[in-house]
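Hello, and welcome to a short round of questions and answers. Have the sequence and the model open as you read.

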Amino acid sequence: MFFRCTVLVLMSASLQGLAECWDRHQRLAETLWQGLENMGLKLLIADKSVRLPTVTAVKVPTGVQWKQVVDYCMEEYKLEIAGGLGPTAGKIWRIGLMGYNATEHNIQLVLKALREGIDKSKL
């Protein structure tokens, strides 16, 4: 299965062109970052020049139960948003934006799910 997925990813990147693939991920990451900031959320990495376009770390707002938001996104939208690890456990969400999932539609879906999940989980 891993080999098949790797071949499909490489085929997609070669058809699209590697430069366009990188540009698309960067463009969509910036759309995600702007959408999160428009919701009043803070990103863990404030400096855009050192952020990765494939994973975005979002600070969990005070008064929001991070796990309830993650569970809501999975149960209602089948979206997997990860929590922090180590010292960031319970303090951030990690949102992946890679390959097939890197679409405008999916970004809007993530923003909608997060907004709803946050509203439902406030203490």
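What follows is a set of questions about a predicted model, each answered from a value and its cut-off.

Q: How do you know what kind of model this is, and what elements does the protein chain have?
A: The model is a predicted one. The protein chain holds four helices and three strands, and from the N terminus on the elements follow the order α-α-β-α-β-β-α.

Q: How much of the protein chain counts as buried?
A: The chain has 123 residues, and 33% of them count as buried. The label is given to residues under 20% relative accessible area.

Q: What share of the contacts comes from residues 24 or more positions apart?
A: Taking the contacts with a separation of 6 or more, residues 24 or more positions apart account for 65%.

Q: What makes up the largest nonpolar core?
A: This core has 25 residues. Those with the most contacts inside it are Leu36, Val58, Val69, Ile81, Trp93, Ile95 and Leu114. At least two residues each come from α2 (18-38), α3 (66-77), β3 (92-96) and α4. Helix α4 gives the most, with six residues.

Q: Why is Ile95 called buried or exposed?
A: The cut-off for buried is under 20% relative accessible area. Ile95 has 5% relative accessibility, so Ile95 counts as buried. This residue is found in strand β3. Leaving out residues up to four places away in sequence, Ile95 touches Leu32, Leu36, Thr54, Val55, Thr56, Val58, Ile81, Val110 and Leu114. For one of these partners, Val58, the C-alpha to C-alpha distance from Ile95 is 7.9 Å, with their positions 37 residues apart in sequence numbering.

Q: Why are α3 and α4 called oblique?
A: Two packed helices are described by the angle between their axes and the distance between the axes. For α3 and α4 the angle is about 125 degrees and the axes are 8 Å apart. Angles from 65 to 115 degrees count as roughly perpendicular, those over 145 as roughly antiparallel. An angle of about 125 degrees fits neither range, so the two helices are oblique to each other. In addition, α3 passes α4 in a right-handed crossing.

Q: Which residues meet where α3 packs on α4?
A: On the α3 side they are Gln68, Val69, Tyr72, Cys73 and Tyr77. On the α4 side they are Leu109, Lys112, Ala113, Leu114, Glu116, Gly117, Ile118, Lys120 and Ser121. Sorted by class, this contact has eight nonpolar, three polar and three charged residues.

Q: How do you know whether Tyr72 is buried or exposed?
A: Tyr72 has 14% relative accessibility, and as buried means under 20%, Tyr72 counts as buried. Its place is in helix α3. Tyr72 touches Tyr77, Ala113, Glu116, Gly117 and Lys120, with residues up to four places away in sequence not counted. Tyr72 and Leu114 lie 42 residues apart in sequence and 8.5 Å apart in space, C-alpha to C-alpha.

Q: What makes Ala113 buried?
A: Its relative accessible area is 0%, so Ala113 is buried. Ala113 sits in helix α4. Neighbours within four places aside, Ala113 is in contact with Tyr72, Cys73, Tyr77 and Leu79. Between Ala113 and Tyr72 the C-alpha to C-alpha distance is 7.8 Å, although they are 41 residues apart in sequence.

Q: Why does Ser121 count as buried?
A: Ser121 has 2% relative accessibility, and the cut-off is under 20%, so the label buried applies. Ser121 belongs to helix α4 (residues 104-121). Its contacts, not counting residues up to four places away in sequence, are Gly63, Val64, Gln65, Gln68 and Val69.

Q: Is Ala29 buried or exposed, and what touches it?
A: At 0% relative accessibility, Ala29 counts as buried. Ala29 is in helix α2. Neighbours within four places in sequence aside, Ala29 is in contact with Pro53 and Leu97.

Q: Why is Lys78 called exposed, and what is its phi?
A: Exposed means over 50%, and Lys78 has 64% relative accessibility, so Lys78 counts as exposed. Lys78 is found in the loop between α3 and β2 (82-83). Most residues other than glycine have a negative phi. Lys78 is not a glycine, yet its phi is positive, at about 55 degrees.

Definitions and conventions: Residues are numbered from 1 along each chain as its sequence is written. This is a predicted model: local features need pLDDT of at least 70, side-chain atom pairs count only at pLDDT 80 or more; totals for chains, interfaces and linings use all residues. Side-chain values use heavy atoms; hydrogens and water are left out. Buried means under 20% relative accessible area, exposed over 50%, partly exposed in between (1.4 Å probe, protein chains only). Contact means heavy atoms within 4.5 Å. A nonpolar core is a set of buried Ala, Val, Leu, Ile, Met, Phe, Trp, Tyr and Cys residues joined through side-chain atoms within 4.5 Å. Axes are lines fitted to C-alpha atoms, for helices over the stretch in contact, and angles run from 0 to 180 degrees between N-to-C directions. Angles under 35 degrees count as roughly parallel, over 145 as roughly antiparallel, 65 to 115 as roughly perpendicular and the rest as oblique. A crossing is left-handed if the near helix is turned anticlockwise from the far one by less than a right angle, and right-handed if clockwise. Ala, Val, Leu, Ile, Met, Phe, Trp, Tyr, Cys and Pro count as nonpolar, Asp, Glu, Lys and Arg as charged, and the others, Gly among them, as polar.
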